[in-house]
Amino acid sequence: MHKWLVGLLRWVDVRVIYAITAILIIPFCLVFNGKLIYHYFRQCHHYGIMRAMWATYINHCLFSQVVIDRFAMFAGKHFHVEMEGYEHFEHLAKQSDGFIQLSSHVGNYEIAGYTLVAKDKPFNALVFFGEKESIMQGRITRFADTNIKMIPVNDDMSHIFIIDEALQNGEIVSMPADRLLGSSKTIIMPFLGADAYFPQGPFRVATMRGLDVLAVNVMKTGTVRYKIFITPLTYDRSLSRQEQLNSLAEAYVKELERMMRLYPKQWYNFFEFWK
């Protein structure tokens, strides 16, 4: 089906597929994730009942569009991308030291892989090992000329050694910082009005080496338009290791919360994030 969709998108406008999924998404919205996202709008953004129901539907429509856009890129289509804070990425890309780029399951982060390219500094992206072969092959094809390498997350935690080697070589490492990937070590942070669990790993990797860190969020702003927000995350490196970790995590969560205040309908963590 993935290959069929890529082939179709070479000839069909994405808006046609958007219109179809806007109808097909209704039962999925009602049966699968609707309740969780409805509670997100009610409890985190304090929407009224009808507004929360409508926002839940729009959230699912936007998520389907993000997935379609990914395959559209595999099909060779292009999107208009605006950037805010690119100078921060450009500055770090010119340095000899590596740095960490933190992402979230909001908006469409994969767009950044086709836009933020450092010619002389390899870019390593942590990806889910269980992705379908068609998706991985699409990424490999599109990333062929962008100096990007993918690091699959494995159960044996071997990806940790690859990350460490990349940073030793002064490369860029991109990691999701809103999901637990293989490790049970968490940090509890207040997020949108309630405590939530975030993984310690990305913040620990950065603070152990005293690395610079960027938060990168890519938000959909129109039918074929995206905006990339690049924000440096500061932390006091004179503090103890645990205090540095807490400080960096707090800076990241504050930036993620800012994005969700600006684009509340582009939250795509479809599970009980607040427990």
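How many salt bridges does the structure hold? The structure holds ten salt bridges, a salt bridge being a side-chain nitrogen of Lys or Arg within 4 Å of a carboxyl oxygen of Asp or Glu. Before we look at them, a word on the model: it is predicted, so local features need pLDDT of at least 70 and side-chain atom pairs count only at pLDDT 80 or more, while totals for chains, interfaces and linings use all residues. Residues are numbered from 1 along each chain as its sequence is written, and side-chain values use heavy atoms, with hydrogens and water left out.

## Charged partners

The table lists three of the salt bridges.

| Pair | Closest N to O distance |
|---|---|
| Lys220 and Asp69 | 2.7 Å |
| Asp212 and Arg237 | 2.7 Å |
| Glu250 and Lys254 | 3.4 Å |

Let us start with Lys220 and Asp69. Lys220 sits in strand β8 (residues 212–222) and Asp69 in helix α3 (residues 49–74), so their pairing ties together parts that are 151 residues apart in sequence. Helices (H or I, at least four residues) and strands (E, at least two) are DSSP runs, numbered from the N terminus. Are these two partners buried or exposed? Lys220 is buried, with a relative accessible area of 8%, and Asp69 is buried as well, at 0%. Here buried means under 20% relative accessible area, exposed means over 50%, and partly exposed lies in between (1.4 Å probe, protein chains only).

Strand β8 also supplies Asp212, whose partner Arg237 lies in the loop between β9 (225–233) and α9, so this salt bridge ties together parts that are 25 residues apart in sequence. Asp212 has 34% relative accessibility and counts as partly exposed; Arg237 is partly exposed too, at 41%.

Glu250 and Lys254 are both found in helix α9, and because they are four residues apart, about one helical turn separates them. Glu250 is partly exposed at 37% relative accessibility, whereas Lys254 is exposed, with a relative accessible area of 53%. Elsewhere, Glu82, Glu84 and Lys227 are linked in a network of salt bridges.

One more resident of strand β8 is Leu214. Leu214 counts as buried, at 1% relative accessibility. The C-alpha atoms of Leu214 and Phe229 are separated by 9.8 Å, and the two residues are 15 residues apart along the chain.

## Aromatic rings

How many aromatic pairs does the structure hold? There are 24 aromatic pairs. Rings of Phe, Tyr and Trp (its six-membered ring) pair if their centres lie within 6.5 Å; planes under 30 degrees apart count as stacked, over 60 as edge-to-face and the rest as tilted.

Phe191 and Trp267 make a tilted pair, with 5.6 Å from centre to centre and 40° between the planes. Phe191 belongs to strand β6 (residues 186–191) and Trp267 to the segment after α9 (241–262), so the pair ties together parts that are 76 residues apart in sequence. Phe191 is buried at 0% relative accessibility, and Trp267 is buried at 1%.

A second example joins Phe198 and Phe273: their ring centres are 5.5 Å apart and their planes stand at 75°, so the pair is edge-to-face. This pair links distant parts of the chain, with Phe198 in strand β7 (residues 194–199) and Phe273 in the segment after α9, 75 residues apart. Phe198 is buried at 0% relative accessibility, and Phe273 is buried at 5%.

These four residues belong to one aromatic cluster, which also includes Tyr40, Phe41, Tyr47, Phe203, Tyr252, Phe271 and Trp274. Within this cluster, Tyr47 has Arg51 lying over its face, at 3.8 Å from the ring centre. A charge sits over a ring if NZ of Lys or CZ of Arg is within 6 Å of the ring centre and within 35 degrees of the ring normal.

## Cysteines and a surface patch

How many disulfides does the structure hold? The structure holds zero disulfides, a disulfide being a pair of cysteine sulfur atoms within 2.5 Å. Cys44 is buried at 6% relative accessibility, and Cys61 is buried at 8%.

Finally, on the surface, Val16, Ile20 and Leu24 form a nonpolar patch with about 270 Å² of accessible area together. Val16 lies in helix α2 (residues 14–44) and is partly exposed at 42% relative accessibility. Patches are made of residues with over 30% relative accessible area and no salt bridge: like charges are joined within 9 Å, and nonpolar side chains (Val, Leu, Ile, Met, Phe, Trp, Tyr) within 5 Å. Accessible areas come from the Shrake-Rupley method with a 1.4 Å probe, and for residues only the protein chains shown count as cover.
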